[in-house]
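I opened the notebook today to look up how the parts of this chain meet one another. My entries follow in the order in which I checked things.

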Amino acid sequence: MNASTIRQIVIVGGGTAGWMTAALLSRALGEQVHIRLVESDEIGTVGVGESTIPSIRLINTFLGLDEDDLLRSVQGTIKLGIQFNDWHRLGASYLHAFGDIGLPLGLLPFHPYWLRSRQAPGAPDLWAYSLNARAIDAHRFARLERVGDTPLTGLRWAYHLDAGLYARYLRRHAAQRVERTEGKVVKVNLRASDGFIESVQLTSGEIISGELFVDCSGFRGLLIEDALKTGYEDWRQWLPCDRAVVAPSSRVEPLRPFTQANARPAGWQWRIPLQHRSGNGHVYCSRFMGDDEAAALLVRDIEGELLEQPRLLRFTSGMRRQSWNRNCVALGLAAGFMEPLESTSIHLIQSGVQRLLNLFPDRHCDAALVAEYNRQTRFEYERIRDFLILHYRATERRDTPFWQHCAQIDLPESLERKLALFRSGGRIVRDADELFAEPAWLQVMLGQGIAPASHHPLADALPQAQLDEFLSHIRTLLGRAVEGMPGHADFIARHCAAGGPAAVA
Ligand code: FAD
C-alpha cells in the first residue's frame with residue numbers, strides 16, 4: 001500500500017445500487033478500504049426493480065449467498081424468461097426465454113438448421129428447442145444444469161424479487177463490513193485544484209471525506225450531476241416512453257416462472273409474480289397518454305386484487321455522458337436508465353461494480369482508466385438500447401398514434417446493420433461481449449415478425465433425414481426433461497417458501 005492507495009470510499013445512496021455496490025466492493029476489497037454508505041430515510045428509494053436476468057446469480061456465488069435463503073428473504077420466485085404479448089401485432093405472443101436453443105452442429109449454430117426446417121408444413125416453432133420455453137409453457141422448474149448426460153444445457157434462471165427486501169437483504173449481508181450513516185447529504189465539497197470531490201456534508205453538519213465517491217443517489221445524480229455537472233444523454237428519440245404507474249396486487253395462480261410484458265396503446269404493462277403479491281407497472285409515453293388514463297388502464301388490467309393506489313414515476317431513458325467523472329463513479333439510476341422491458345438495470349449496477357473493480361484506481365483516478373471505464377460502459381448501454389429499440393420498431397402495429405410513431409423511429413447504425421444481416425440471410429452477429437447473446441436476438445427478431453429471406457448455405461449440406469432425426473431427438477430430450485420437473489409453485493413451496501419450512505404443508 002502506498003500513499004496513493006485508496007483507503008476511504010463513500011457511497012451515497014442506499015437503494016439496490018448502493019447496497020449492491022457496498023456488498024460487492026467490501027467483499028472484493030476486504031479490510032484495506034473503509035467503506036461508508038450514507039442513505040436518507042426521508043428521501044427513500046425508488047422501490048421498483050423486481051425482475052432480473054440470470055447474471056444476478058453470479059452475485060450469490062461471489063458473496064457466498066444461499067439461493068434458497070435469498071429467495072425466502074425477498075419473497076422471490078423463479079424467472080425463466082419474458083412473455084411478450086401484443087408486440088408484433090394484437091393477439092400475437094412470443095417468448096424471450098433465457099438459455100440456449102437447440103444444439104450447434106458442425107460449423108454452424110443451431111438456428112440455420114431450424115430456419116431450413118421451418119419451410120416444411122407443420123414444422124415445430126423455434127421455442128420447441130428451448131428448454132426454458134418448454135418449462136415456461138408447463139409452469140415447471142428444477143435446478144437442472146444439464147439435460148441428462150447429453151450436451152444439451154439445462155435451465156438458465158433469474159429471479160423475481162421484492163426490490164425493498166432485496167436492498168435490505170444485501171444491507172444485512174454487508175453490515176459488518178460497511179459503516180452505515182443515516183442522514184441527508186445537503187452539500188458536496190469540491191477540491192479547488194482539480195474539481196475532485198473532497199467530502200459530502202449532512203443536514204446534521206457532519207462532513208464525510210473520501211478518496212473515491214460512488215453516486216448511488218438515484219435519478220437525480222446528487223454527485224455526478226448536481227455537483228460535477230456531467231451531463232445526460234437523452235435517448236427519447238429511440239425509447240420514447242418516459243413514465244410509469246406502478247401498483248402491487250394480490251398473488252394469482254398459477255405462479256408463473258416468467259415476467260409478462262403486455263403491449264398497450266401507448267406503451268406496455270408488466271406483471272411480475274412474487275410469493276406474497278404481484279408487481280405491476282404500466283410504462284407509457286406521456287406524449288400519447290395522460291397519467292390518469294395510464295393509471296386507469298393499469299388498474300383495469302391488473303389480475304387479482306389491487307393492494308395500493310398507483311404511484312407515478314417519471315424518467316428519461318438515456319445515460320450520463322460519463323459514468324465516471326473525476327473521483328466519482330455513478331451506479332444505478334444515477335448512471336442512467338433504460339425502461340425495464342428486458343430487466344437490465346440491476347444487471348448494469350452489477351457489471352458497473354465489476355468494471356470498477358477491474359479498473360480500480362488510486363487516488364489520482366488516472367485519466368486512461370476513467371476513459372476505459374466510460375468506453376466500456378457506453379458500449380454496454382448502447383447495445384442494450386439497440387435491443388430495446390428492436391421491440392418497438394419491428395412491429396406491424398399501427399393501431400394507435402404511439403405505435404405509428406414507433407414505426408418511424410430512426411435506427412442507430414449498429415441496429416440497422418444487425419437487422420440487415422438477419423433479414424437477408426438469417427445471420428446474427430454478437431458484437432464483442434454485448435449483454436444479449438444470439439438466442440436473445442433470434443427470439444425477439446422472430447417474435448417481432450422479422451422473417452429472414454434465406455438461411456446459411458452450409459445448413460443445406462446435411463441430408464434431410466439426418467436433419468429430421470437431429471431435430472426430433474432434441475425435442476424428445478427436452479420434453480422428457482420438462483416432464484421430470486416439479487411445478488414452479490411446488491418448487492418454491494418445497495425449497496424457499498417465504499414463510500419458512502413450517503409454512504409448507
Ligand atoms: P434509488 O432506489 O432511488 O435509491 C437512491 C438512494 O439514494 C436512496 O437510498 C436515497 O435515500 C438516497 N439518496 C438520495 N438523495 C440523497 C441525499 N441527498 N442524501 C442521502 N441519501 C440520498 N431494474 C431491473 O433490473 N428490473 C426491473 O424490473 C426494473 N423495473 C423498473 C421499473 C421502473 C418504473 C423504474 C423507474 C426502474 C426499474 N428498474 C428495474 C430499475 C431499478 O429500480 C433500479 O436500477 C434500482 O432500484 C436501483 O435504484 P438506485 O439504487 O439507483 O436508486
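I began with the buried area, and I note that the model is a predicted one: domain 1 and domain 2 bury about 1600 Å² between them, with 59% of that area on carbon and sulfur atoms. I then asked which residues supply the area on the domain 1 side, and I found that P54, E342 and R383 supply 39% of what domain 1 buries against domain 2, more than any other three residues.

I went back to the bounds to be sure of what I was comparing. Domain 1 is made of 8–77, 161–236 and 317–383, domain 2 is made of 97–157 and 387–488, and domain 3 covers 243–314. Taken over C-alpha atoms, the centres of domain 1 and domain 2 are separated by 34 Å.

Next I looked up the contacts, where I found 15 residues of domain 1 in contact with 19 residues of domain 2.

How many salt bridges are there between domain 1 and domain 2? I recorded three salt bridges between these domains. I also looked up R143, which forms a salt bridge with E67, and there the closest N and O atoms are 2.7 Å apart. For polar contacts between domain 1 and domain 2, I noted seven residue pairs, both residues being at pLDDT 80 or more.

Last, I looked at the side of domain 1 that touches domain 2, to which α3 (67–73) and α10 (367–393) each supply at least two residues. Sorted by class, this side of domain 1 has five nonpolar, four polar and six charged residues.

Definitions and conventions: Residues numbered from 1 in each chain as written. Predicted model: local features only at pLDDT ≥ 70, side-chain atom pairs only at ≥ 80, totals over all residues. Heavy atoms only, no water. Domains from an automatic or database assignment. Contact = heavy atoms within 4.5 Å. Buried area = accessible area lost by both parts, 1.4 Å probe. Salt bridge = Lys/Arg side-chain N within 4 Å of Asp/Glu carboxyl O. Polar contact = N/O pair within 3.5 Å; in protein donor to acceptor, adjacent residues only side chain to side chain. Helix = DSSP H or I, 4+ residues; strand = E, 2+ residues; numbered from the N terminus. Nonpolar A, V, L, I, M, F, W, Y, C, P; charged D, E, K, R; others polar.
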